[in-house]
Amino acid sequence: MSTLSTTNLKNPSSGSNNIVLAADGSATITTLTGTTITGTSVRGGITSGTAVASTSGTSIDFTSIPSYVKRITVMFNGVSTNGASKLRVQLGSGSVETSGYLGSSSAIASASAGSATFSSGFDLTDSEAATALRRGIFTCTLLGSNLWVLSGTLSAQDVGYTTVTNGTKTTSGTLNRVRITTVNGTDTFDAGSINILYEG
Amino acid sequence: MDRIEVNVITGEQVTIPLTAEEILEIQSRPAPVPPVPLTPAEKLAASGLTVAELKALLGI
């Protein structure tokens, strides 16, 4: 098989290059729909991270999230810890940021409801039972200028709770990591799995 | 205490022991405030029942 060496490919009728080949081996492909592909990162598409068994550790960090990302979906599948501290989601740019979160979280059960605000992370109000198995998703969407808007719900069927959380956080720079931990920081994950999707 | 770190590009997953500084920060966090018990009046209000409805329910 022979190799065609060139830097740009275009249709004769196109006003710009359809494919640009960079010296580092990456390619930028521009289509009518605006989809571009650069290196191994597919922009305009959804990329799945690697699912993590949330069965150990006091926090789980998803790192190296690409700079072009504009939406992140965090998925919880039967996630539990060995204590009663709330789950906490934090964002970071280089390192995880522990302040500047605005919003609140409510827990709804068949006969009661409760709500709490947060500031050190997106703290997910729920039954706060060690046996709770949380299922659901949270999305973090980039509004602009490093301002991220979070919204999501979790259910804990076994303890009869649904959690609704909304908030915002402006990161100090371009977001590149998401942490899932607990408010007290000492409870250990003991069941379930967590993964993220990212897109931009 | 350990942190699990997953690189979303490479899929590499590593378990990292927390540093002494991180453990100190965790230990310095304030203890959660226990919820304040509801008063009987608040419990009644939360139930959505009026005093008259409660009396009728109890037959008094």
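## An open strand in chain A

Strand β13 of chain A, residues 113-117, lies largely in the open, because the number of buried residues among its five is zero. This description, like the rest of the report, concerns a predicted model.

The neighbour of β13(A) in the fold is strand β12 of chain A, which covers residues 101-108; the two run antiparallel and are joined by five bridges. One pair across these strands is Ser105(A) with Ala116(A), the latter being the bridge partner in β13(A). Together β12(A) and β13(A) make a hairpin, with four residues between them.

## Chain A as a whole

Chain A contains 19 strands and zero helices. Its C-alpha trace spans about 70 × 35 × 30 Å along the principal axes. Of the contacts in chain A with a separation of 6 or more, 68% are between residues 24 or more positions apart.

The chain has 200 residues, and 40% of them count as buried. The area that chain A exposes is about 9300 Å², of which carbon and sulfur atoms supply 54%. As for charge, chain A carries 11 positive and 10 negative side chains. The centres of these two sets lie 10 Å apart.

## Strands β9, β15 and β16 of chain A

Strand β15 of chain A, made of residues 134-144, pairs with two strands described here. With strand β9 of chain A (residues 71-81), β15(A) pairs in the antiparallel sense over eight bridges. With strand β16 of chain A (residues 147-156), β15(A) also pairs in the antiparallel sense, over nine bridges.

The second pairing is a hairpin, in which two residues separate β15(A) from β16(A). Ser145(A) sits in the turn and has a positive phi of about 50°. Further along this pairing, Leu142(A) has Trp148(A) in β16(A) as its bridge partner.

## Thr73 of chain A

Thr73(A) belongs to strand β9 of chain A. Opposite Thr73(A), in β15(A), stands Thr139(A). Is Thr73(A) buried or exposed? Its relative accessibility is 10%, and buried means under 20%, so Thr73(A) counts as buried.

Leaving aside residues up to four places away in sequence, Thr73(A) touches Ile137(A), Phe138(A) and Thr139(A), and also Asn195(A), Ile196(A), Leu197(A) and Glu199(A). Thr139(A) thus appears twice in this account, as the residue opposite Thr73(A) and as one of the residues that Thr73(A) touches.

## A helix in chain B

In chain B, helix α2 is formed by residues 40-47. The number of buried residues among its eight is zero, so α2(B) lies largely in the open. Gly48(B) follows α2(B) and has a positive phi, near 85°.

## Confidence in the prediction

How confident is the predictor, and what are the averages for each chain? Chain A averages a pLDDT of 88, with 92% of the residues scoring at least 70. Chain B averages a pLDDT of 87, with 95% of the residues scoring at least 70. For the complex, the predictor gives an ipTM of 0.75 and a pTM of 0.77.

Within chain A, confidence is lowest in strand β5 (residues 41-42), where the mean is 53. Confidence in chain A is highest in strand β8 (residues 59-63), at 97.

Conventions
Residues numbered from 1 in each chain as written. Chains lettered and ligands numbered in written order. Predicted model: local features only at pLDDT ≥ 70, side-chain atom pairs only at ≥ 80, totals over all residues. Heavy atoms only, no water. pLDDT = per-residue confidence, 0-100. Buried < 20%, exposed > 50% of the residue type's maximum accessible area, 1.4 Å probe, protein only. Contact = heavy atoms within 4.5 Å. Areas by Shrake-Rupley, 256 points an atom, 1.4 Å probe, with all protein chains shown as cover. Lys, Arg positive; Asp, Glu negative; His and termini not counted. Charge placed at Lys NZ, Arg CZ, Asp CG, Glu CD. Pairing = 2+ DSSP bridges.
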